[in-house]
Structure formats: C-alpha cells, structure tokens
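Biologist: I'd like to go through this one with you before I head back to the bench. Can you pull it up?

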Amino acid sequence: MAILGTLIDRENPEFTKEDFLFWMPQFTNVSNIDTLFNNLYPIANNKIFYSIFGVDWKYAMSLAIAHYAWIIGQAQAKVKSGATSLADIAGGSPTTGGIMTSASVGGFSKTYDLDRSMISGDDKVWWNQSAFGRDLMNLLATKSLASMFVVTSNPVPGSGNYD
C-alpha cells in the first residue's frame with residue numbers, strides 16, 4: 001500500500017513593508033507603520049503560505065496583516081475614547097459588514113443581511129471580524145487545499161474493499 005499526499009511548503013518568498021503598502025495603500029499614512037508591520041508580519045508569515053495561495057500570496061499576506069491591524073486599531077480607538085479596563089476594551093462585538101436590506105428614518109433603525117457577507121463555519125469566526133479577514137477567507141476558498149489519500153497496490157474493482 002502506498003500513501004500519497006501533498007505537503008504544504010512553509011517556506012515563503014520575501015515580503016516587505018513596501019509589498020504590503022502596494023496592496024494596502026490605505027495604510028500608507030499610518031504613523032506607526034514600521035512597528036505595525038514588524039510585529040504583524042511574522043504572524044501572517046506563519047499562517048499564509050505561498051504553496052497554497054500561489055500568485056495571490058502577497059495579496060493574501062497583506063489581507064492577513066491588515067486584518068490584525070484593524071483589530072488592534074479597534075482596541076486602540078476604545079482606549080482613546082476613555083476605556084480604562086480590559087472589560088471596556090474587549091467588551092462588545094466587532095462591527096460586522098453586512099449588506100443593508102432596510103432602513104427607517106422615524107426612530108432610526110437599520111437591518112443588515114449577514115448571510116451575504118459573512119463566511120460560514122466556526123473556523124471562520126476570527127476572520128469575520130473585518131472586511132480584510134472575510135476577503136482573505138473568500139480568496140482561500142478559490143484555492144485547492146492540500147489533501148491526503150490512500151492508494152493500494154491491488155484494489156479489487158467493484159468490491160468496495162480497498163484494504
């Protein structure tokens with residue numbers, strides 16, 4: 001019996017702050033961009049692999065870094081608005097990016113359809129916290145992920161028994 005499979009190559013090409021800013025120009029004027037990039041690059045580089053994303057790898061890396069930066073930015077905004085305890089900073093739910101399906105003016109209310117913009121699955125909850133994360137998961141859905149399968153040396157056709 002032979003076991004065949006695909007290994008994920010965890011070696012990535014070089015990725016620089018300039019690559020990030022090319023794909024995410026909205027971060028160009030961020031005052032602490034060097035600190036942000038230097039701290040978030042290793043995290044993204046250990047999660048996003050060229051062997052999976054191929055030619056989209058630099059964009060995927062940029063989306064992952066931007067996702068983490070957005071989450072950090074949300075916490076920093078809460079601190080600037082007067083949050084003083086961990087409960088104040090971490091409390092509440094993140095803003096979601098659904099499609100607005102209705103709005104009313106009297107008493108002001110709005111309704112969002114999250115099914116069209118959120119990614120299903122418990123493993124995707126982390127990435128649903130920002131548009132960057134949702135875009136990354138949508139990009140990943142277009143890729144063929146590595147899998148493993150077993151092949152025997154003498155299968156018996158039609159028997160359903162391939163031991």
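Biologist: How far apart are the end C-alpha atoms of helix α4, residues 57-80, and what span should its 24 residues have?

Modeller: Keep in mind that this is a predicted model. At 1.5 Å a residue, the 24 residues of α4 should span 34 Å. The end C-alpha atoms agree with that, as they are 34 Å apart.

Biologist: Which elements help cover the buried residues of α4?

Modeller: Start with what is buried there: W57, A60, M61, S62, L63, A64, I65, A66, H67, Y68 and A69. The cover over the buried residues of α4 includes α1 (17-23), α2 (33-45), α3 (50-53) and α6 (131-140).

Biologist: Is N45 buried or exposed?

Modeller: N45 sits in helix α2. Its relative accessible area is 18%, and the cut-off for buried is under 20%. So N45 counts as buried.

Biologist: Which side chain makes a polar contact with the side chain of N45?

Modeller: Leaving out residues up to four places away in sequence, N45 touches N12, W57 and M61. Two of those names, W57 and M61, are also on the list of buried residues in α4. The polar contact, at 2.8 Å, is with the side chain of N12.

Biologist: And zooming out, in what pattern do the helices and strands follow along the chain?

Modeller: The chain has six helices and four strands. Of its 163 residues, 28% count as buried. Read along the sequence, the pattern is β-α-α-α-α-α-β-β-α-β.

Key
Residues are numbered from 1 along each chain as its sequence is written. This is a predicted model: local features need pLDDT of at least 70, side-chain atom pairs count only at pLDDT 80 or more; totals for chains, interfaces and linings use all residues. Side-chain values use heavy atoms; hydrogens and water are left out. Helices (H or I, at least four residues) and strands (E, at least two) are DSSP runs, numbered from the N terminus. The expected span of a helix is 1.5 Å times one less than its number of residues. Buried means under 20% relative accessible area, exposed over 50%, partly exposed in between (1.4 Å probe, protein chains only). Contact means heavy atoms within 4.5 Å. A polar contact is a pair of N or O atoms within 3.5 Å; within protein, one must be able to donate a hydrogen and the other to accept it, and residues adjacent in sequence count only if both atoms are side-chain atoms.
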